[in-house]
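Work through the three exercises below with the sequence and the structure open beside you. Try each task before you read its solution.

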Amino acid sequence: MTDFLEVLLRGLGVGSVYALLALGFVIIYKATGVISFAQPALMLTGAVVTSYVAPAIGFMLFTGLTFFVSLGAAALITAVIALIVERLAIRPMIGRPAFVVAIITIGLDIAIRVVASGFIGLGARPIPNPWGLQRTELLGLRVQERHLVSMLALAVIVAALVWFYRYTRYGLAMRAAAFDQEAALTQGVSVGSVFAMSWAMAGALAAIAGTLLATSAGVDRQLWIVALVALPAIILGGLDSLEGAVIGGLAVGVVESMVGSYQRDLAPWLGNNFAGVSPYVLMLLVLLAKPYGIFGTPEVRRV
Amino acid sequence: MKVHKYGVLLAALAMVATGCRAGDDGGGSEAVDAPGVTDDACPDAVNEDNGCIYLGTISDLTQGPFAPLGVPITEAQKAFWNRVNEDGGIGGYDIDTDKFVKDNLYNPQTHKQVYSEIKDDVLALAQSLGSPTTLAIVGDLERDEMIAAPASWTSLWPFEDTILESGAPYCAEAMNIVDYMVENKSIKSVMSVGFPGDFGGDGAAGAKIAADSNSLKYTNVETAPGQEAQAGAISAVVKNKPDLVILGTGPTETAVIVGQAAAQGYQGQFVGLGPAWNPALLGTPSAKALEALYLASGYWGSFGTDTPGHEAMREAVGEVEQENDGYTAGWAWSYPLKAALEEWLDGDYDKTRAGLLEAVGSLETVDYEGMLPEEAGNRAGDPNETIFRQTVLSKVDPKEPAGLALEEDFFSGPTAEGYEFDGPCFEG
């Protein structure tokens with residue numbers, strides 16, 4: 001039982017990072033109606049920025065503070081990069097089919113990744129952090145400290161997002177634009193600003209997720225691949241649901257961790273590497289029962 | 001009569017000029033008639049009077065998983081051929097590896113496409129990076145009679161006439177690792193953890209052969225690339241507690257598996273196949289575990305090794321961003337192609353690609369300037385007789401260049417020595 005709970009905690013730790021990534025996807029989708037495939041590149045960019053900022057300020061702060069200050073700086077810088085990308089490449093495409101914009105984001109992803117990879121150099125860039133691979137005891141369970149940090153980060157960010165959407169004017173504007181862009185426009189909401197805001201928020205979330213991921217083995221050129229796991233997470237949670245993104249991300253992390261730990265013993269006939277497939281199997285199973293995802297809004301059309 | 005004299009003089013001058021271009025070092029004076037060979041000097045030629053042989057490079061240069069290796073390999077090979085040119089070139093020709101450099105993105109389709117773009121402009125490939133990518137063009141190489149120096153060590157290459165490999169294949173490497181550990185640490189169980197495909201698969205096949213030969217308990221665990229995809233592999237290592245784990249993964253996965261397995265209490269021995277190591281791992285939280293539990297296997301000594309070849313490589317590449325064994329590999333892989341070109345241009349071969357292929361098949365030794373024994377370049381004979389089976393082992397030492405210090409110089413264990421290579425170890 002202890003082992004099971006430890007595997008569960010590990011899954012929640014990894015799932016927290018997936019959830020942060022999934023939130024970024026959903027925020028952009030809700031605001032613009034487009035899935036941004038540039039999120040993996042923004043995640044890589046954020047982690048690369050942290051890997052440069054942390055050593056640069058490390059001499060004057062202790063490691064823990066250095067990590068969080070550089071994490072904040074990376075979130076901010078990546079948000080600005082996302083804003084610029086949105087303004088230059090996405091805003092001019094308003095009114096074009098969502099499919100066209102989504103394809104443009106694929107191109108953006110490749111371009112940004114090539115630039116970000118150029119800053120990585122040969123091998124992985126380390127991210128100084130106070131935890132490394134250390135484990136701690138929590139209610140008798142051994143858990144990696146970095147996983148606890150990821151869970152805590154997710155909790156804080158979700159609380160901040162709830163506050164933002166419920167109690168701020170920008171949050172209200174984003175909800176209005178997500179609900180009906182034309183109606184929001186007639187009420188004086190700047191839909192362009194909403195687009196920009198959504199890209200900035202998604203960029204910041206991607207940067208935080210990338211940095212947390214890279215605390216184990218540094219930032220390498222392949223880090224971006226992890227962001228693809230957020231796709232089954234958002235689809236099973238519901239493309240337009242923030243709570244769905246969180247639940248979906250956590251579910252994918254837990255399933256991946258469980259399958260990775262137990263499938264080899266319990267169901268060896270599934271072959272090697274089934275853990276990598278498990279998020280997609282989970283997504284298919286959920287879609288069979290809930291075609292719009294667990295929290296997704298069913299699309300209703302008059303015929 | 002006067003005209004006739006001038007005609008004879010012109011004809012004689014033309015013959016002299018042709019002789020200069022087509023190898024004036026004796027041997028083959030026949031005019032070269034092969035793609036990628038010109039009488040005109042190379043762009044930015046070191047020797048303006050020499051002709052030019054263009055060699056192609058297809059590598060992972062930007063966004064593929066092996067770009068951290070592809071970039072230094074390519075740089076080292078440019079430095080290698082530049083040194084050859086500074087020494088006068090080969091048979092009246094300079095070698096150009098700058099003009100036809102293509103990025104394969106580590107994608108077999110892209111590899112095949114860029115190969116078709118350059119195949120008519122180059123004599124041979126100075127580099128074809130990756131096993132699945134090179135496998136995608138093996139048929140084309142045979143059809144075009146094109147020689148390629150691979151940047152990988154799968155055991156399929158010795159069975160391909162057009163592939164000019166260097167160093168032991170992964171399969172023999174894994175056999176040597178198991179035999180070494182049996183002899184020095186009396187291990188009873190072996191686990192191979194590796195990527196699916198010929199890199200992890202070839203290593204795993206060798207590990208299994210050696211484990212069976214030594215009556216050891218053997219387990220194979222395939223694992224996907226990615227930092228967060230290693231939970232299954234880590235769990236398998238921690239639960240099964242094998243005495244030896246052979247890693248056929250990338251450097252990032254190596255750091256995650258070794259670091260997290262050690263954090264969960266595993267205290268056995270890890271040994272990584274050559275591509276599993278990168279000195280940047282010493283900056284990760286796994287550094288201490290790597291220093292304590294990890295040995296790096298290799299096909300020749302690491303960056304800082306004391307041989308004339310290593311020394312020439314370090315001098316030629318100069319100050320580098322990171323002392324990475326991609327440079328070492330790129331340099332070492334170039335020696336057989338240099339030997340083949342010398343043999344082709346100096347010897348009595350058709351001055352065509354087919355002649356070059358014939359010259360490659362006649363090589364019995366290659367002067368690696370001490371990086372590898374000369375017999376490692378033997379291409380004349382049955383693959384089972386010519387496959388080089390010796391590897392080296394290095395321990396992790398942050399003070400050494402590339403983070404590795406030699407632990408055991410070239411050796412081959414009884415399994416690799418006795419194994420009949422009647423085909424590749426792994427056929428996926």
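Angles between helix axes under 35 degrees count as roughly parallel, those over 145 as roughly antiparallel, those from 65 to 115 as roughly perpendicular, and the rest as oblique. This is a predicted model, in which local features need pLDDT of at least 70 and side-chain atom pairs count only at pLDDT 80 or more, while totals for chains, interfaces and linings use all residues. Residues are numbered from 1 along each chain as its sequence is written, and chains are lettered from A and ligands numbered from 1 in the order in which they are written.

**Exercise 1.** Describe how helix 8 of chain B and helix 9 of chain B are placed relative to each other.

*Solution.* Step one is the geometry: the two axes, which are lines fitted to C-alpha atoms over the stretch in contact, with angles running from 0 to 180 degrees between N-to-C directions, come within 9 Å and cross at roughly 40°. Step two is to apply the classes of angle, and helix 8 of chain B and helix 9 of chain B are therefore oblique to each other. Step three is to list the residues in contact (C-beta atoms, placed from the backbone, within 7 Å): helix 8 of chain B uses A233(B), I234(B), V237(B) and V238(B), and helix 9 of chain B uses I257(B), Q260(B) and A261(B). Step four sorts these residues into six nonpolar, one polar and no charged, where Ala, Val, Leu, Ile, Met, Phe, Trp, Tyr, Cys and Pro count as nonpolar, Asp, Glu, Lys and Arg as charged, and the others, Gly among them, as polar.

**Exercise 2.** Describe the side of chain B that touches chain A.

*Solution.* Begin with the totals, for the contact takes 37 residues from chain B and 30 residues from chain A. Next, find the elements of chain B that give two or more residues, which are helix 2 (67-86), helix 8 (231-240) and helix 9 (251-263); helices here are DSSP runs of H or I with at least four residues, numbered from the N terminus. Helix 9 of chain B gives the most, with seven residues. Finally, the residues on this side of chain B divide into 18 nonpolar, 16 polar and three charged.

**Exercise 3.** How many residues does each domain of chain B give to the contact between them?

*Solution.* First, take the bounds, which come from an automatic or database domain assignment: domain 1 of chain B is 2-168 + 305-386, and domain 2 of chain B is 170-298 + 391-418. The C-alpha centres of these two domains lie 32 Å apart. The contact then takes 16 residues from domain 1 of chain B and 20 residues from domain 2 of chain B.

Key: Contact = placed C-beta atoms within 7 Å.
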